[in-house]
Amino acid sequence: MFEPRDDERPPHQRHLDNLAAMIAAGTTDYTIPDCSLVALELCEGTYLSSRRRRAIALPLQEESEAAPAHDWNPGEPYTGTGGGRDGRQFG
C-alpha cells in the first residue's frame, strides 16, 4: 500500500523536486510509476474480463485464445442488430 506524505507544495513541484533529488544523487525511485502501472493493469484486466466474459489472471499476459464474438464494445453505440431494441430509433 502506498500513501503519499502530506505536502503543501503543488503536485508538479513535488514531482520536479523529486526528479532533481534523484538526478543529484544518481539514483532512481520508481515507487509512484510502478503503482500507476499496477492501477492501469487492474483497469485493463477489468475491461478484458468484461469483454471476454471470463476471469482474467493478473499479471496480464499475452493470450492466444480469441475473444468470443459479440457486437458490443465499450464506448461504441449499439449496432441495433442481433436482437434487442435499437435504442437509436424512437417510437
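User: What links D7, R9 and D17 in this structure?

Analyst: In this predicted model, D7, R9 and D17 are joined in a network of salt bridges. R9 takes part in both pairings, since its side chain meets that of D7 at 2.5 Å from N to O, and it also forms a salt bridge with D17, where the closest N and O atoms are 2.4 Å apart.

User: What makes the pairing of R9 with D17 a salt bridge?

Analyst: The term asks for a side-chain nitrogen of Lys or Arg within 4 Å of a carboxyl oxygen of Asp or Glu. The closest N and O atoms of R9 and D17 are 2.4 Å apart, and therefore the pair falls within the 4 Å cut-off. The structure holds two salt bridges.

User: Why is D7 called partly exposed?

Analyst: The class of partly exposed residues lies between the buried ones, under 20% relative accessible area, and the exposed ones, over 50%. D7 has a relative accessibility of 30%, so it belongs to the class in between. R9, at 29%, counts as partly exposed by the same reasoning, and D17, with a relative accessible area of 29%, is partly exposed as well.

User: Is L48 buried or exposed, and how do you know?

Analyst: L48 counts as buried, because its relative accessibility is 15% and the limit for this class is under 20%. L48 has its place in helix α2, which covers residues 31-52. Leaving aside residues up to four places away in sequence, L48 touches R53, I56 and L60. One of these, L60, is twelve residues from L48 in sequence, and the two C-alpha atoms are 9.8 Å apart in space. Across the chain of 91 residues, buried residues make up 7%.

User: Why is I23 called exposed?

Analyst: The relative accessible area of I23 is 69%, and a residue is exposed when this value is over 50%, so I23 meets the condition. I23 lies in helix α1, residues 11-25, and together with L16 and L19 it makes a nonpolar surface patch of about 300 Å². For the chain as a whole, about 8,000 Å² is exposed, and carbon and sulfur atoms supply 57% of that area.

User: How do you know that the span of α1 is close to what is expected?

Analyst: Helix α1 has 15 residues and reaches 21 Å from its first C-alpha to its last, which can be set against the 21 Å expected at 1.5 Å a residue. After α1 comes G26, whose phi is positive, near 70°. The chain contains two helices and zero strands.

User: How many disulfides does the structure hold, and what would make a pair of cysteines count as one?

Analyst: The structure holds zero disulfides. A pair of cysteine sulfur atoms would have to lie within 2.5 Å to count, so no pair in this model meets that condition. As for individual cysteines, C35 is partly exposed, because its relative accessible area of 33% falls between 20% and 50%, whereas C43 is exposed, because its 53% is over 50%.

User: What share of the contacts between residues at least 6 apart in sequence joins residues at least 24 apart?

Analyst: Among those contacts in the chain, 10% join residues at least 24 apart in sequence.

How values were computed
Residues numbered from 1 in each chain as written. Predicted model: local features only at pLDDT ≥ 70, side-chain atom pairs only at ≥ 80, totals over all residues. Heavy atoms only, no water. Helix = DSSP H or I, 4+ residues; strand = E, 2+ residues; numbered from the N terminus. Buried < 20%, exposed > 50% of the residue type's maximum accessible area, 1.4 Å probe, protein only. Contact = heavy atoms within 4.5 Å. Patch = residues over 30% accessible without salt bridge, like charges linked within 9 Å, V, L, I, M, F, W, Y side chains within 5 Å. Areas by Shrake-Rupley, 256 points an atom, 1.4 Å probe, with all protein chains shown as cover. Expected span 1.5 Å × (residues − 1).
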